[in-house]
Amino acid sequence: MNYVNNWSRPVTLPLGATSLALDLPDGAYRLTLTDSVAEPTRWEIIGAVVANGTATLQRGREGTLEQNWPAGSVIYNALTAGVLTDLLQAVADLQARVAALEGGGDGHLVTVGDNGFFLGYFLDAQGNQLGSIQPQTVSVPGAGDRQVMAVAFLQGADLFVIGLAGDELPEDALQAVEVEGYGLLQAADATFTPSDDGGQWQWTVTNTGGWVAGDKRRIDIQFGSSSGGNELTDSQGQPLVDSAGNQLTTGETA
């Protein structure tokens, strides 16, 4: 959307007209028509795409009515409620995306560490930490917030592991994991090891997705019962699909 400060012109525009000569630079605009500069009583908002001095119009935008504009009418370029609402929504969408990339919701940002065995993030019982993860907790439905103990490849063992601390977890607490650089890992394909202080899921993998020490990788962890046959989505509500593009549901494998 383009804007020109302090731009206004006298105008005549009949009902039904869809083009108008305008001395604006080429581009898309949201313009307002009114019946008077000093004492306006009615308005029409229009969309205008200007090319070589001629605007193609979309009449009656943002809930206004298409009207006849005789001599004495004015057209001007100003911020409208619709444009501002769209802008604020775009900002909100961007903020949500940034929050997800930085670890909002089920999306976690892992800074990869490498000790020759673990590649990713690992926290041992003594509090020694390899790599980092944001946020450091996950919210498991029915089981509360849990500290993440491991999101890592086990080099030489051809395994990828997710480990959570706390009380014993049910196996079906986890649905799937989307690993940046590797792909989708279904809980149904994992080996689950419960313990009194949490639980761990392990997948056999063929590579480490190009992870190297110092990388930042996004991990989407999807929780919920695996008994319902529900469609799987990532932390932003986007469908998880297999390699053929088919929507995955709980209990299916990629």
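**Exercise 1. Place Ala 176 in the predicted model and classify its exposure.**

Step 1. In this predicted model, Ala 176 belongs to strand S15, which covers residues 174-179.

Step 2. The relative accessibility of Ala 176 is 0%. The cut-off for a buried residue is under 20%, so Ala 176 counts as buried.

Step 3. For a spatial relation, take Asp 189: 13 residues separate Ala 176 and Asp 189 in sequence, and their C-alpha atoms are 9.3 Å apart.

**Exercise 2. Describe the overall make-up of the protein.**

Step 1. The secondary structure consists of one helix and 19 strands.

Step 2. Of the 254 residues, 40% are buried.

Step 3. Consider the contacts between residues at least 6 apart in sequence: 58% of these join residues at least 24 apart.

Step 4. The accessible surface is about 13,000 Å², and carbon and sulfur atoms account for 50% of this surface.

**Exercise 3. Characterise the largest pocket by volume, lining and residue class.**

Step 1. The largest pocket holds about 210 Å³ of space.

Step 2. Its lining comprises 14 residues. Those nearest the centre of the pocket are Met 149, Gly 163, Leu 164, Gly 199 and Gln 200.

Step 3. Two or more lining residues come from each of these elements: strand S9 (118-123), strand S13 (144-154), strand S14 (159-165) and strand S18 (198-204).

Step 4. Sorted by class, the lining has seven nonpolar, five polar and two charged residues.

**Exercise 4. Analyse the salt bridge between Asp 23 and Arg 9.**

Step 1. The structure as a whole has six salt bridges. In the one between Asp 23 and Arg 9, the closest N and O atoms are 2.9 Å apart. The cut-off is 4 Å.

Step 2. Arg 9 is in strand S1 (residues 8-13), while Asp 23 is in the loop between strand S2 (19-21) and strand S3 (27-34); the pair therefore ties together parts that are 14 residues apart in sequence.

Step 3. Asp 23 has a relative accessible area of 47% and is partly exposed. Arg 9, at 32%, is partly exposed.

**Exercise 5. Locate the Glu 44 and Arg 59 salt bridge, then find the network that contains it.**

Step 1. The closest N and O atoms of Glu 44 and Arg 59 are 2.7 Å apart.

Step 2. Glu 44 sits in strand S4 (residues 43-51) and Arg 59 in strand S5 (residues 54-61), so this salt bridge ties together parts that are 15 residues apart in sequence.

Step 3. Glu 44 is buried at a relative accessible area of 0%, and Arg 59 is buried at 13%.

Step 4. Through shared partners, salt bridges join Glu 44, Arg 59 and Glu 66 into one network.

**Exercise 6. Decide whether the partners Asp 220 and Arg 218 are buried or exposed.**

Step 1. The side chains of Asp 220 and Arg 218 meet in a salt bridge with an N to O distance of 2.5 Å.

Step 2. Asp 220 has 8% relative accessibility and counts as buried. Arg 218 has a relative accessible area of 9% and is buried.

**Exercise 7. Describe the surroundings of Asn 207.**

Step 1. Asn 207 is in the loop between S18 and strand S19 (216-223).

Step 2. Its relative accessibility is 39%, so Asn 207 counts as partly exposed.

Step 3. With neighbours within four places in sequence left aside, Asn 207 is in contact with Phe 153 and Tyr 182.

Step 4. Asn 207 and Leu 159 are 48 residues apart in sequence, with a C-alpha to C-alpha distance of 8.8 Å.

**Exercise 8. Examine the backbone at Pro 135, Asn 6 and Asn 52.**

Step 1. As a reference, most residues other than glycine have a negative phi, and most peptide bonds are trans.

Step 2. Gln 134 and Pro 135 are joined by a cis peptide bond with omega about -15°. Pro 135 is in the loop between strand S11 (132-134) and strand S12 (137-140).

Step 3. Asn 6 is not a glycine, yet its phi is positive, about 60°. Asn 6 is found in the segment before S1 and is exposed, at a relative accessible area of 78%.

Step 4. Asn 52 also has a positive phi, near 55°. The loop between S4 and S5 contains Asn 52, which counts as exposed at 72% relative accessibility.

Notes
Residues are numbered from 1 along each chain as its sequence is written. This is a predicted model: local features need pLDDT of at least 70, side-chain atom pairs count only at pLDDT 80 or more; totals for chains, interfaces and linings use all residues. Side-chain values use heavy atoms; hydrogens and water are left out. Helices (H or I, at least four residues) and strands (E, at least two) are DSSP runs, numbered from the N terminus. Buried means under 20% relative accessible area, exposed over 50%, partly exposed in between (1.4 Å probe, protein chains only). Contact means heavy atoms within 4.5 Å. Accessible areas come from the Shrake-Rupley method with a 1.4 Å probe; for residues, only the protein chains shown count as cover. On a 1 Å grid over the protein atoms alone, a cavity is a set of points where a 1.4 Å probe fits but cannot get out, and a pocket is an open set with protein on both sides within 12 Å along at least five of seven lines; lining residues have an atom within 4 Å of a point. Grid points are joined across faces, edges and corners, and a volume is the space filled by probe spheres set on the points. Ala, Val, Leu, Ile, Met, Phe, Trp, Tyr, Cys and Pro count as nonpolar, Asp, Glu, Lys and Arg as charged, and the others, Gly among them, as polar.
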